[in-house]
Amino acid sequence: MKQYEKRDPFFTIRDVQVMIELTAHGQETPPHALTPIHEDFHNAPPTYMYYGEEVLAGNAPAYRRAFQRDGVGERLHIA
């Protein structure tokens with residue numbers, strides 16, 4: 001995410017951190033509630049993601065690993 005932050009002046013890593021803090025309301029939040037990367041993708045349908053030059057594009061490799069971890073890597077298409 002850090003490599004894209006320089007190109008995305010409107011959405012920074014700190015913005016993501018603040019969103020997590022605001023939605024957690026000071027409570028312990030399980031990882032799967034913060035990002036779908038921690039979900040179970042075994043039954044995922046074909047999934048298409050498009051990222052431009054934005055901070056969240058830094059998550060693309062993590063999504064690919066998560067789909068591969070669950071044996072459905074061929075169902076994820078990232079452009």
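Where is His 38 found? The close-ups below start with that residue in a predicted model and then move through the rest of the chain.

**Figure 1. His 38 sits in the loop between α3 and β1.** This view answers the opening question: His 38 belongs to the loop that runs between α3 and β1. His 38 counts as partly exposed because its relative accessible area is 46%, and the limits for that class are 20% and 50%. Leaving out residues up to four places away in sequence, His 38 touches Pro 31 and His 32. For a sense of distance, take Glu 74: His 38 and Glu 74 are 36 residues apart in sequence, and their C-alpha atoms are 18 Å apart in space.

**Figure 2. The whole protein chain, with 4 helices and 2 strands, gives the context for the close-ups.** Following the sequence, you meet these elements in the pattern α-α-α-β-α-β. The C-alpha trace spans about 35 × 30 × 15 Å along its principal axes. There are 79 residues in the protein chain, and buried residues make up 29% of them. Turning to contacts with a separation of 6 or more, 65% are between residues 24 or more positions apart.

**Figure 3. The largest nonpolar core brings together 14 residues.** Which of its members touch the most other members? They are Ile 37, Phe 41, Met 49, Tyr 51, Tyr 63, Phe 67 and Leu 76. Helix α4, residues 60–69, supplies the largest share of this core, with 5 residues. Met 49 is a good residue to centre on here. Setting aside residues up to four places away in sequence, Met 49 touches Tyr 63, Leu 76, His 77, Ile 78 and Ala 79.

**Figure 4. Phe 41 and Phe 67 form a stacked aromatic pair.** The count of aromatic pairs comes to 1. In this pair, the rings of Phe 41 and Phe 67 are 4.3 Å apart, centre to centre, with 25 degrees between the planes. The pair counts as stacked because planes under 30 degrees apart fall in that class. The two partners come from distant parts of the chain, 26 residues apart: Phe 41 is in the loop between α3 (31–34) and β1 (47–49), while Phe 67 is in helix α4. Are Phe 41 and Phe 67 buried or exposed? Both are buried.

**Figure 5. The largest pocket holds about 320 Å³ of space.** Its lining consists of 15 residues, and the closest to the pocket centre are Val 16, Ile 20, Leu 34, Thr 35 and Asn 59. Helix α2, residues 13–24, gives the largest share of the lining, 6 residues. How do the lining residues divide into nonpolar, polar and charged, or what is the count of each? There are 11 nonpolar and 4 polar residues, and no charged ones.

**Figure 6. Asn 59, in the loop between β1 and α4, is shown with its contacts.** Asn 59 is also among the residues closest to the centre of the largest pocket. Why does Asn 59 count as buried? The reason is its relative accessibility of 19%, since buried means under 20%. Not counting residues up to four places away in sequence, Asn 59 touches Met 1, Ile 37 and Tyr 51. One of these partners, Ile 37, also appears in the list of core residues that touch the most other members. Tyr 48 makes a useful distance marker: Asn 59 and Tyr 48 are 11 residues apart along the chain, and their C-alpha atoms are separated by 14 Å.

**Figure 7. Glu 54 has its place in the loop between β1 and α4.** Glu 54 counts as partly exposed because its relative accessibility is 29%. Beyond its neighbours within four places in sequence, Glu 54 is in contact with Tyr 4 and Asp 8. Phe 10 offers another reference point: Glu 54 and Phe 10 are 44 residues apart in sequence and 8.8 Å apart in space, C-alpha to C-alpha.

**Figure 8. Pro 45 lies in the loop between α3 and β1.** Is Pro 45 buried or exposed? With a relative accessibility of 53%, Pro 45 counts as exposed, because that class begins over 50%. Pro 45 and Ala 60 are 15 residues apart along the chain, and 17 Å separates their C-alpha atoms.

Note on methods
Residues are numbered from 1 along each chain as its sequence is written. This is a predicted model: local features need pLDDT of at least 70, side-chain atom pairs count only at pLDDT 80 or more; totals for chains, interfaces and linings use all residues. Side-chain values use heavy atoms; hydrogens and water are left out. A nonpolar core is a set of buried Ala, Val, Leu, Ile, Met, Phe, Trp, Tyr and Cys residues joined through side-chain atoms within 4.5 Å. Buried means under 20% relative accessible area, exposed over 50%, partly exposed in between (1.4 Å probe, protein chains only). Contact means heavy atoms within 4.5 Å. Rings of Phe, Tyr and Trp (its six-membered ring) pair if their centres lie within 6.5 Å; planes under 30 degrees apart count as stacked, over 60 as edge-to-face and the rest as tilted. On a 1 Å grid over the protein atoms alone, a cavity is a set of points where a 1.4 Å probe fits but cannot get out, and a pocket is an open set with protein on both sides within 12 Å along at least five of seven lines; lining residues have an atom within 4 Å of a point. Grid points are joined across faces, edges and corners, and a volume is the space filled by probe spheres set on the points. Ala, Val, Leu, Ile, Met, Phe, Trp, Tyr, Cys and Pro count as nonpolar, Asp, Glu, Lys and Arg as charged, and the others, Gly among them, as polar.
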